[in-house]
Amino acid sequence: MKRRYHGSRVSKTNRPKHFAGLLALALILVCTVGGTVAYLVTHTDPVVNTFTPGEVSCQVEEKFEGNNVKTEAVIRNTGNVPAYIRVAVVANTVDGDNITGMKTLPAGWLNTTNWTEGSDGFYYYKGVVQPGEKTDNLLKTGINLDGIQVTILASAIQSMPDAAVEDAWNMSYNSGTSTWTEAVPSSN
């Protein structure tokens with residue numbers, strides 16, 4: 001033991017016997033943690049978040065019987081997200097290559113089991129169409145194209161969130177009742 005002189009008396013300095021052991025243990029911990037962090041920084045691949053933007057698109061697919069009867073009109077969801085589908089049907093009378101006027105389609109042509117006519121003149125598919133899938137046939141019966149031209153213009157919108165279709169189309173879909181109604185404007 002070492003003695004120090006402090007004025008008129010002599011005191012002993014008490015060093016713990018385990019001081020060297022505690023110092024060695026602390027040094028080992030610092031080296032271990034530092035080594036682990038250094039290893040993880042140099043050997044761990046960075047985390048990369050990949051986001052695929054949603055794509056909404058559709059395509060009209062038609063079938064004909066001969067050259068003058070349109071028997072099927074379905075719309076395929078060619079996007080990568082579930083979508084609602086609507087169509088506008090334009091019928092014109094034609095003389096050769098010239099459009100000569102508007103035409104009204106005969107009653108009963110629309111497949112009302114799976115489609116409904118909106119108050120805005122569009123026809124809305126009752127349900128959500130998954131990517132790669134298609135709607136049921138728009139036509140209940142074939143349409144004879146003698147002297148008329150029937151063009152089907154389709155559009156699609158993502159099915160989620162509900163506000164997307166309400167804002168863009170001003171329509172709301174109730175999946176419980178399979179009905180389309182005009183959207184109620186929010187009071188914001």
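Reader: What joins the side chains of Glu61 and Arg76?

Author: The side chains of Glu61 and Arg76 meet in a salt bridge, 2.7 Å from N to O. This pair links distant parts of the chain, with Glu61 in strand β3 (residues 58–65) and Arg76 in strand β4 (residues 69–77), 15 residues apart. As a general idea, a salt bridge is a side-chain nitrogen of Lys or Arg within 4 Å of a carboxyl oxygen of Asp or Glu. Strands (E, at least two residues) and helices (H or I, at least four) are DSSP runs, numbered from the N terminus. Please keep in mind that this is a predicted model: local features need pLDDT of at least 70, side-chain atom pairs count only at pLDDT 80 or more, and totals for chains, interfaces and linings use all residues. Residues are numbered from 1 along each chain as its sequence is written, and side-chain values use heavy atoms, leaving out hydrogens and water.

Reader: How many salt bridges are there in the whole structure, and where does Asp120 find its partner?

Author: The search finds four. One of them pairs Asp120 with Arg86, whose closest N and O atoms are 3.9 Å apart. Here Asp120 lies in the loop between β7 (115–117) and β8 (123–125), while Arg86 is in strand β5 (residues 83–95), 34 residues away. Another joins Lys63 to Glu72 at 3.8 Å, N to O.

Reader: Is Arg86 buried or exposed?

Author: Burial is read from relative accessible area: under 20% is buried, over 50% is exposed, and in between is partly exposed (1.4 Å probe, protein chains only). At 13%, Arg86 counts as buried, whereas its partner Asp120 is partly exposed at 34%. In the β3–β4 pair, Glu61 is partly exposed at 24%, and so is Arg76 at 23%. Over the 188 residues of the protein, 24% are buried.

Reader: And what does the charged end of Arg86 sit over?

Author: It sits over the ring of Phe122, 3.8 Å from the ring centre. The test is that NZ of Lys or CZ of Arg is within 6 Å of the ring centre and within 35 degrees of the ring normal.

Reader: Rings bring me to aromatic pairs. How many are there?

Author: There are nine. In one, Trp115 and Tyr125 have ring centres 5.2 Å apart and planes at 65°, so the pair is edge-to-face. That pair connects strand β7 with strand β8, its residues 10 apart. Trp115 is buried at 0%, and Tyr125 is buried at 9%. Tyr124 and Trp180 make a tilted pair, 4.8 Å centre to centre with 35° between the planes. Tyr124 in strand β8 and Trp180 in strand β12 (residues 179–182) are 56 residues apart. The rule is that rings of Phe, Tyr and Trp (its six-membered ring) pair if their centres lie within 6.5 Å; planes under 30 degrees apart are stacked, over 60 edge-to-face, and the rest tilted.

Reader: How should I read a nonpolar core, and which residues have the most contacts inside the largest one?

Author: In soluble globular proteins, nonpolar side chains tend to be buried together. A nonpolar core is a set of buried Ala, Val, Leu, Ile, Met, Phe, Trp, Tyr and Cys residues joined through side-chain atoms within 4.5 Å. The largest here has 19 residues, and those with the most contacts inside it are Val87, Trp109, Trp115, Tyr123, Leu138, Ile143 and Val150. The elements giving it two or more residues are β4, β5, β8 and β10 (148–158). Apart from that core lies another of eight residues, among them Tyr84, Val165, Trp169 and Met171.

Reader: How does helix α1 compare with its expected span?

Author: The expected span is 1.5 Å times one less than the number of residues. For the 25 residues of α1 (residues 19–43) that gives 36 Å, and the end C-alpha atoms are 36 Å apart, which agrees. The helix is hardly covered: its count of buried residues is zero.

Reader: Which backbone details deserve a look, such as the bond between Met160 and Pro161?

Author: Most residues other than glycine have a negative phi, and most peptide bonds are trans. Met160 and Pro161 are joined by a cis peptide bond, with omega about -5°. Pro161 sits in the loop between β10 and α2 (162–169). Asn170, not a glycine, has a positive phi of about 55°, and its place is the loop between α2 and β11 (171–174). Ser178 also has a positive phi of about 55°, in the loop between β11 and β12.
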